[in-house]
Amino acid sequence: MPNKEDIIKTLKEKGHRCTNQREAILDVLINNKSHFISAEDIYIKTKKIYPKTNFSTVYRTLELLDRLEIIHSTTTDGKKTIYEIICKDSHHHHIICKNCGKTKVVDFCPYTNIKENLAKEGFKLTDHKFELYGYCENCNDDD
Ligand SMILES: [Zn+2]
Ligand SMILES: [Zn+2]
Ligand SMILES: [Zn+2]
């Protein structure tokens with residue numbers, strides 16, 4: 001899990017400025033680690049730290065952080081994009097709570113065999129997405 005200084009260093013190395021607004025967005029992402037949250041929620045929380053925040057900057061910053069592999073993005077119900085600061089350096093997947101966005105790392109990768117089989121056929125698999133959805137212990141009201 002990267003710390004803020006490391007992230008700011010990465011941004012600068014790639015030629016991006018770290019404005020107060022961007023720093024506030026990073027604070028929000030770090031404060032919400034282990035949770036996937038939407039751009040709207042990030043905007044509302046960032047505004048509390050930095051009142052001059054505007055939504056399109058939040059959105060563009062999230063796209064940039066996603067491209068730089070500082071955050072993960074995925075969708076709930078194929079609609080809303082949600083974001084999480086990358087929690088682990090090595091390859092991993094997530095189980096995500098559909099209600100509150102809480103996430104846990106799933107170390108198992110279902111594509112390992114597929115990748116090997118495809119390689120035998122001369123096909124190189126480079127990217128995949130795999131997320132599991134459900135309810136966390138707080139949101140599961142079965143019992
Ligand atoms: Zn993660
Ligand atoms: Zn939950
Ligand atoms: Zn995988």
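The questions below ask how some terms apply to this predicted model.

In this predicted model, local features need pLDDT of at least 70 and side-chain atom pairs count only at pLDDT 80 or more, while totals for chains, interfaces and linings use all residues. Residues are numbered from 1 along each chain as its sequence is written, and chains are lettered from A and ligands numbered from 1 in the order in which they are written.

Q: What makes E1 and E3 a strand pair?
A: Strands are DSSP runs of E with at least two residues, numbered from the N terminus, as are helices (H or I, at least four residues). Two strands pair if DSSP finds at least two bridges between them. E1 (residues 37-38) and E3 (residues 80-85) are joined by two bridges and run antiparallel, so the definition is met. Serine 38 stands opposite isoleucine 82 in E3.

Q: How do you know that E2 pairs with E3?
A: Six bridges join E2 (residues 71-76) to E3, again antiparallel. Histidine 72 stands opposite glutamate 84 in E3. The hairpin of E2 and E3 has three residues between the strands, and aspartate 77 there takes a positive phi near 50 degrees.

Q: Why are E1 and E2 said to stand at the edges?
A: The open sheet of three strands has the order E1-E3-E2, with antiparallel pairing. E1 and E2 each have a single partner strand, so one side of each is left without a neighbour in the sheet.

Q: Why is H3 called oblique to H4?
A: The axes of H3 (residues 39-49) and H4 (residues 55-67) come within 10 Å and cross at roughly 120 degrees. Angles under 35 degrees count as roughly parallel, over 145 as roughly antiparallel, 65 to 115 as roughly perpendicular and the rest as oblique. The crossing angle therefore makes H3 oblique to H4.

Q: What makes the contact of H3 with H4, by class?
A: Residues are in contact if their C-beta atoms, placed from the backbone, lie within 7 Å. H3 contributes Ala39, Ile42, Tyr43 and Thr46, and H4 contributes Phe55, Val58, Tyr59 and Leu62. The classes are seven nonpolar, one polar and no charged residues.

Q: Why does histidine 35 count as partly exposed?
A: A residue is buried with 20 or more other C-beta atoms within 10 Å of its own, exposed with 12 or fewer, and partly exposed in between. Histidine 35 has 19 C-beta neighbours inside 10 Å, so it counts as partly exposed. Histidine 35 lies in the loop between H2 (20-31) and E1. Leaving aside neighbours within four places in sequence, histidine 35 is in contact with Glu84, Gly101, Lys102 and Thr103.

Definitions and conventions
Axes are lines fitted to C-alpha atoms, for helices over the stretch in contact, and angles run from 0 to 180 degrees between N-to-C directions. Two residues are in contact if their C-beta atoms, placed from the backbone, lie within 7 Å. Ala, Val, Leu, Ile, Met, Phe, Trp, Tyr, Cys and Pro count as nonpolar, Asp, Glu, Lys and Arg as charged, and the others, Gly among them, as polar.
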